[in-house]
Amino acid sequence: MVFERTIKVAFQHCDPAGIVFYPRYYEMINQVTEEWFEQSLGTSFVDIHINQGDAVPTAKIETEFKKPSKLGDTLLFTLQVTKLGRSSVHLKFTVTCEDELRLTSRSVIVYVKGEDKKPVSWPQTIRKQMEFFLKEEGPS
């Protein structure tokens with residue numbers, strides 16, 4: 001299963017030429033990740049980060065940009081789990097506009113506990129929901 005979300009490119013995402021400034025993609029990827037947690041995994045970043053005092057930082061992110069996006073484009077973000085570890089999860093994002101590939105991005109996020117921020121196992125309720133999105137990939 002995949003999680004999909006569309007985001008319309010707004011002025012705030014663009015450089016003066018009306019092209020998406022690349023760091024804004026990372027903000028969009030984070031937005032999609034937060035929505036996935038809330039809508040599909042049954043918990044919000046507010047619950048994890050504020051109410052519980054835990055965190056879900058990004059440990060690694062790699063992106064391959066294929067084509068630029070511009071003001072007014074509607075981007076389809078597809079999120080898929082490619083590996084589920086004890087305290088980490090590997091995510092693959094594919095971003096398209098009208099079936100044209102704009103970028104792919106792979107990130108690793110980690111569940112860390114409390115004040116010491118040491119990696120710990122994903123809570124079972126979250127892990128169980130993540131398994132629905134798992135599609136392991138072979139070697140690349």
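Me: Which residues touch the most other members of the largest nonpolar core?
Reply: In this predicted model, the largest nonpolar core has 32 residues, and W36, F37, W122 and M130 are the ones that touch the most other members.

Me: And which elements give two or more residues to this core?
Reply: Strands and helices both appear: β1 (3–8), β3 (74–84), β4 (88–97) and β5 (100–110) are on the list, together with α1 (23–40), α2 (45–51) and α3 (124–131). The largest share comes from α1, which supplies six residues.

Me: OK, what does W36 touch, leaving out residues up to four places away in sequence?
Reply: With those sequence neighbours set aside, W36 is in contact with F3, L41, L79, V81, L91, M130 and F133. One of these partners, M130, is also among the four residues that touch the most other core members.

Me: Is there a general reason to find such side chains together, i.e. why would they be buried?
Reply: Nonpolar side chains in soluble globular proteins tend to be buried together.

Me: Switching to charges, how many salt bridges does a search of the whole structure find?
Reply: The search returns ten salt bridges. One of them joins the side chains of R24 and E27, with an N to O distance of 3.3 Å.

Me: Where do R24 and E27 sit relative to each other?
Reply: Both belong to helix α1, and because they are three residues apart there, about one helical turn separates them. R24 is partly exposed at 25% relative accessibility, and E27 is partly exposed as well, with a relative accessible area of 45%.

Me: What about D73, buried or exposed?
Reply: D73 is buried, its relative accessible area being 9%. Its side chain meets that of K70 in a salt bridge of 3.3 Å, N to O, although K70 itself is partly exposed, with a relative accessible area of 45%.

Me: Which residue forms a salt bridge with D73 at 2.9 Å?
Reply: That is R102, where 2.9 Å is the separation of the closest N and O atoms. R102 lies in strand β5, whereas D73 is in the loop between β2 (58–65) and β3, so the pair ties together parts that are 29 residues apart in sequence.

Me: And R102, buried or exposed?
Reply: R102 counts as buried, at 7% relative accessibility, which is below the 20% cut-off for that class.

Me: Which residues do salt bridges with shared partners join into one network?
Reply: The network consists of K67, K70, D73, E100 and R102, linked through salt bridges that have partners in common.

Note on methods:
Residues numbered from 1 in each chain as written. Predicted model: local features only at pLDDT ≥ 70, side-chain atom pairs only at ≥ 80, totals over all residues. Heavy atoms only, no water. Core = buried A, V, L, I, M, F, W, Y, C linked by side-chain atoms within 4.5 Å. Buried < 20%, exposed > 50% of the residue type's maximum accessible area, 1.4 Å probe, protein only. Helix = DSSP H or I, 4+ residues; strand = E, 2+ residues; numbered from the N terminus. Contact = heavy atoms within 4.5 Å. Salt bridge = Lys/Arg side-chain N within 4 Å of Asp/Glu carboxyl O.
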